[in-house]
Amino acid sequence: MNQNQLPPLGPLLDELQFTADLGLATLQETQSFLIQKENEKQLRRQVEKGLITKNEAVSVLLAHLQDWLEQRGLDVSESSEKFADSTLQQNFETFLFGAESR
């Protein structure tokens, strides 16, 4: 997989639908944000070099997404509940590292 190109949202599509349903961001805006943050932070590269774990990379990306959505009006308590979900975290790992990472 090209370092600068993440896959489509895939398994995250359904889980991130709430961003569009609440009028916070379209799924395309959310995907663009995630790609931008990955490119900025080079999370996959840091994992490949052994600087951080996959779990840490997922946590960093989730934290940035959570902050971004809260800035757009997502309630903090609702945000904490959504982002604590283990399935969401697993799907973020698949999004970042591909299905073979599991």
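Helices (H or I, at least four residues) and strands (E, at least two) are taken from DSSP runs and numbered from the N terminus. The structure is a predicted model, in which local features need pLDDT of at least 70 and side-chain atom pairs count only at pLDDT 80 or more, while totals for chains, interfaces and linings use all residues. Residues are numbered from 1 along each chain as its sequence is written, and side-chain values use heavy atoms, with hydrogens and water left out.

**Stop 1: T30**

Select T30, which lies in helix α3. Accessibility classes used on this tour are buried (under 20% relative accessible area), exposed (over 50%) and partly exposed (in between), with a 1.4 Å probe and protein chains only. T30 has a relative accessible area of 0% and is therefore buried. Next, display the residues around T30. Contact means heavy atoms within 4.5 Å. Apart from neighbours within four places in sequence, T30 is in contact with L16, T19, A25, L65 and W68.

**Stop 2: T26**

Move to T26, in the loop between α2 (17-21) and α3. T26 counts as partly exposed because its relative accessibility is 41%. A C-alpha to C-alpha line from T26 to L16 spans 9.4 Å, and the two residues are ten apart in sequence.

**Stop 3: helices α3 and α5**

Select residues 27-41 for helix α3 and residues 54-71 for helix α5; the two pack at an angle of about 135°, and their axes are 10 Å apart. Axes are lines fitted to C-alpha atoms, for helices over the stretch in contact, and angles run from 0 to 180 degrees between N-to-C directions. Angles under 35 degrees count as roughly parallel, over 145 as roughly antiparallel, 65 to 115 as roughly perpendicular and the rest as oblique. The angle of this pair therefore makes α3 oblique to α5.

The crossing of α3 and α5 is right-handed, the near helix being turned clockwise from the far one by less than a right angle (anticlockwise would be left-handed). To see the contact, show E29, T30, F33, L34, K37, E38 and K41 on α3, together with L61, H64, L65 and W68 on α5. Sorted by class, the contact of α3 with α5 holds five nonpolar, two polar and four charged residues. In this classification Ala, Val, Leu, Ile, Met, Phe, Trp, Tyr, Cys and Pro are nonpolar, Asp, Glu, Lys and Arg are charged, and the others, Gly among them, are polar.

**Stop 4: the aromatic pairs**

Two aromatic pairs are found in a search of the whole structure. Rings of Phe, Tyr and Trp (its six-membered ring) pair if their centres lie within 6.5 Å; planes under 30 degrees apart are stacked, over 60 edge-to-face and the rest tilted.

Select F33 and W68, a stacked pair with 4.4 Å centre to centre and 10° between the planes. This pair links distant parts of the chain, with F33 in helix α3 and W68 in helix α5, 35 residues apart. F33 and W68 are both buried.

Then select F92 and F95, an edge-to-face pair with 6.4 Å centre to centre and 75° between the planes. F92 and F95 are three residues apart in helix α7, so about one helical turn separates them. F92 counts as buried because its relative accessibility is 0%, and F95 counts as buried because its value is 1%.

**Stop 5: helices α5 and α7**

Keep α5 and add helix α7 (residues 86-97): the two axes come within 9 Å and cross at roughly 105°. This angle makes α5 roughly perpendicular to α7. Residues in the contact include V58, L61, L62 and L65 of α5 and L88, F92, F95 and L96 of α7. By class, the contact of α5 with α7 has ten nonpolar, two polar and two charged residues.

While α7 is selected, locate T87, which lies in this helix. T87 has a relative accessible area of 38% and is therefore partly exposed. The C-alpha atoms of T87 and F18 are separated by 15 Å, with their positions 69 residues apart along the chain.

**Stop 6: helices α5 and α6**

Finally, show α5 with helix α6 (residues 76-83), which pack at an angle of about 155° with axes 10 Å apart. The angle makes α5 roughly antiparallel to α6. The contact is made by L62, L65, Q66, L69 and E70 of α5 and by V76, S79, S80 and F83 of α6. These residues divide into five nonpolar, three polar and one charged.
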